[in-house]
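Student: I would like to practise justifying structural labels. Can we take them one by one and set each value against its cut-off?

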Amino acid sequence: MTTILKELLEPGQEYSPIPFWFYNDAFDEDKVRKQLADYVEKGVNGFVLHPRIGIPEDMPYLSDRFFEAVRFIVKTADSLGMKVVLYDEGMYPSGSAHGMVVEADPEYASKGIILLEKEAAEEKLAKEPSAQVIAELADGRKIVYGFTGGTIRGIHFGEDDGEAGAPKSADILNPDAVDEFIRLTHDKYYENLKEYFGNTVFAFFTDEPCALGRNAGRYREWCKGLEKEILAAGGKLEELEGLFIKTGAVAGRSDVVSTVQNPTVILYHQLIKKKLRDIFYARLSQWCDGHGISLMGHPAESNDIEEELFFQIPGQDLILRRVSPETGGLREFDSVQAKLSADIARHLGRRRNVNECFGVCSRDNIPWYFTAGDMKWYIDWLGQRGVNLFVPHAFYYSVLGQRKGERPPDVGPNNIWWKHYHRFSDYFKRLSWLMTDSVNGAKAAVLCDNNKVPYEEIACLYENQIEFNYLPAAVLEKAAVKDGRLCIAGYEYRVILNTLGEEYEKLLPEGVKTVHTGEELVEDKSLRSGLVLKDVCKTVRLNTLTKNGKKMYLLGNEGDTLVRTGVSVDSDRGVILFDLWKGEAYSLGKTEFELCLDPSETVLILVEGLPEEFTENASAQPSEPDAGNIEIREEMPAKVRERYPDWTSRFAVTEKRENEVVYTYHCKSSDMGNITGFFVEGSEMIECYCNGTFVDVAFWGKRFFDLAGFLNEGDNEIKLVCTGNAANIYDNANIPFGILNH
């Protein structure tokens, strides 16, 4: 147990967050060196090297000068013990090499099909010699295959969406175009960095590949010769009209539009997705595997499954506040993503799964309005669903000029919390350590298929602490049945939830129990873990984890109000509770207790209790030589905090600075009694100093501060420094901050 506590206190660099590092300005060796050293000092031991808009035009993408900078960056990272993920585009979506694929052959430009009136179709055919009529409808309209005019976002100013210099996107459904992309990017990176591959460089990141390119309008994906495959499979080309008839937005995503689903359209989607996997993803996966690194990144949609099978590190991205603290993150279209990619990794035997998180997750349409409390909520949301490699979006190399407005906010060095970022990097590492090389307690699986992943139907499982794993139909061939349980990758599922229909029932092996509603799983007491909450707590999430032979329970509150409930743990000894944020352990010496969880609070319960050396003296140091300096406290912090008085009204403003206000209160130690702490109501980042010494920092909820060990006999000066949101600096947002009564 002491070994687990030590690893929780000081998890290894392997579990570091790996942020997108927006390399977006002129190359400066001194700046690179200082910036990366600063990352390491803050506990950030790796990054995704992401060429981003703002790079000067005299450093063309993949040029000798470009690689001069890249080599220095990677060499510097290597000297600092950092890990590097290479990004395969300049800028995104992946697959075009900043337009160089199309420059190599104009026929490699993105192509697709579009439904046009007769006159428009004839005009397109006249302008494009390679254009082709795929089908002619009875009313004279034509479905035409040709160039989409799609682009990508480039790395120089003037190359953004809608701008004249935007690089042309490539047709990644054309195997020759994909081979050219790999030759231009992957091969060139390997040529320049081969000595770092497999050690410092451990992955290539591919970012939501798109065959059509951005701004492709009403075009739909197509692959040359696909019409023959559709006809051979019994499809009717005129039914492809259904691709262009909108039937409404998908629930939770206004940018995802449903179309008519006739037999040919269904067949089309199956074939086009397979083409994308075979032509693009498989090639990248094989290249990475052959060069000793992993394919990492994410496909385009949150419910993509079969694309993930080609990633050595499956992943997704959490962007645009598509799930959010305000909604609870359970019933949105994108609410499947983190759990889905984590479970795919589990069933494929992959150690890690990744999430590109926080991108454009700002509040109220104010670009930089993202709080530390938001960030903590998202980290918990992802971690509770099994994510164990976090890619924060993003750390900016530069925020000069227009750069500060390019997909903000910066969630690292250019934000208000950076000097305290070690709190976040430690927390990332602890969650990642927990979710790596561990097995969760799921006894039920939820059947899913490519772009058919239940979410509203299984919200009740989260709300009732019923653990489950998504089970993709694509991995069923790896499963076996033993004693009525479906066995795969070390998991034994007692029951399968199938909400997809009868045709999927046939895919399941005989002898496996199936149910068809989430409520049936909630009612099945055999699926419960060894931890029971006395009350219904719909905002509490539960993970039962077994790691290194030890059993643990991870509990977290995703709601916006305090949760108070009784807890019973199935154990014949007392338990240790570990505060993942504070890095503090405390012993209860019992298995039934009251638990209080503030919003965005998590706690880890280690069920085997105290080792023998702790039983007589809870504060004794463990005897293991490598156990470190571990203090086991006797009282839960939540219980201590309940005794803290509200000092909000006691502080007076003593200084105001730009986006910062200072409050001071003088007190006598004799006035404190047995109370050593207090709380204030306020926002946003509040730092506490006692007699000139830093005490602590708080970012969300009631700001609690423990003054034990800081108070002098007699008079004491308590100072609070409140810093406003970064949006006040970068957006002139005038978001209020400070102690609430001022």
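Tutor: Start just after α3. In this predicted model, Gly-81 takes a positive phi of about 75 degrees there.

Student: What makes the span of helix α3 close to the expected one?

Tutor: Helix α3 covers residues 64–79, which is 16 residues. From first C-alpha to last, α3 reaches 22 Å. The expected span, at 1.5 Å a residue, is 22 Å.

Student: Which residues of α3 are buried, and what do they pack against?

Tutor: The buried ones are Phe-66, Phe-67, Ala-69, Val-70, Phe-72, Ile-73, Val-74, Thr-76 and Ala-77. They pack against three helix and strand neighbours named here among others: β1 (20–23), α2 (29–41) and β2 (46–51). Their partners also include β3 (83–87), α7 (186–193) and β9 (201–207).

Student: Which residues other than glycine take a positive phi?

Tutor: Ala-97 is one of them, with phi near 50 degrees. Val-360 is another, with phi near 55 degrees. Ala-97 is found in the loop between β4 (91–92) and α4 (100–104). Val-360 lies in the loop between β15 (354–359) and α11 (372–384).

Student: Why is Ala-97 called buried, and why is Val-360 called partly exposed?

Tutor: Buried means under 20% relative accessible area. Ala-97 has 0%, so it counts as buried. Partly exposed runs between that cut-off and 50%. Val-360 has 26%, so it counts as partly exposed.

Student: What makes Asn-262 buried?

Tutor: Its relative accessible area is 15%. The cut-off is under 20%, so Asn-262 qualifies.

Student: Where does Asn-262 lie, and what does Asn-262 touch?

Tutor: Asn-262 sits in the loop between β12 (253–259) and α9 (263–290). Leaving out residues up to four places away in sequence, Asn-262 touches Glu-239 and Gly-242.

Student: How do you know that the side chain of Asn-262 makes polar contacts with backbone nitrogens?

Tutor: A polar contact needs N or O atoms within 3.5 Å. The backbone nitrogen of Thr-264 lies 3.1 Å from a polar atom of that side chain. For the backbone nitrogen of Val-265 the distance is 2.8 Å. Both distances fall within the limit, so both pass on distance.

Student: Why is the pair of Phe-395 and Trp-418 called edge-to-face?

Tutor: First, the count of aromatic pairs comes to 57. In this pair the ring centres are 5.5 Å apart and the planes stand at 85 degrees. Centres must lie within 6.5 Å, and planes over 60 degrees apart count as edge-to-face. Both conditions are met, so the label holds.

Student: What does the pair of Phe-395 and Trp-418 tie together?

Tutor: Phe-395 lies in strand β17 (residues 395–396). Trp-418 lies in the loop between β17 and α12 (421–435). The pair therefore ties together parts that are 23 residues apart in sequence. Phe-395 is buried at 0%, and Trp-418 is buried at 8%.

Student: How do you know that Tyr-427 and Trp-581 are edge-to-face?

Tutor: Their centres are 5.6 Å apart, with 70 degrees between the planes. The limits are within 6.5 Å and over 60 degrees, so the pair is edge-to-face. Tyr-427 lies in helix α12, and Trp-581 in the loop between β30 (576–579) and β31 (584–587). That pair joins parts 154 residues apart in sequence. Tyr-427 is buried at 0%, and Trp-581 at 13%.

Student: What does the side chain of Ser-425 reach?

Tutor: Ser-425 also lies in helix α12. Its side chain reaches the backbone oxygen of Lys-42 at 2.7 Å. The limit for a polar contact is 3.5 Å, so the distance fits. Ser-425 touches Pro-17, Lys-42 and Gly-43, not counting residues up to four places away in sequence. At 0% relative accessibility, Ser-425 is buried.

Student: Which peptide bonds are cis?

Tutor: The bond from Pro-408 to Pro-409 is cis, with omega near 10 degrees. The bond from Ser-683 to Glu-684 is also cis, with omega near 0 degrees.

Student: Why is the protein called as compact as a globular protein of its length?

Tutor: The protein has 18 helices and 43 strands. Its radius of gyration is 28 Å, and the globule rule gives 27 Å for 742 residues. The two values are close, so the description holds.

Methods:
Residues numbered from 1 in each chain as written. Predicted model: local features only at pLDDT ≥ 70, side-chain atom pairs only at ≥ 80, totals over all residues. Heavy atoms only, no water. Helix = DSSP H or I, 4+ residues; strand = E, 2+ residues; numbered from the N terminus. Buried < 20%, exposed > 50% of the residue type's maximum accessible area, 1.4 Å probe, protein only. Polar contact = N/O pair within 3.5 Å; in protein donor to acceptor, adjacent residues only side chain to side chain. Contact = heavy atoms within 4.5 Å. Expected span 1.5 Å × (residues − 1). Rg over C-alpha atoms; globule rule 2.2 N^0.38 Å. Phe/Tyr/Trp six-rings, centres within 6.5 Å; stacked < 30°, edge-to-face > 60°.
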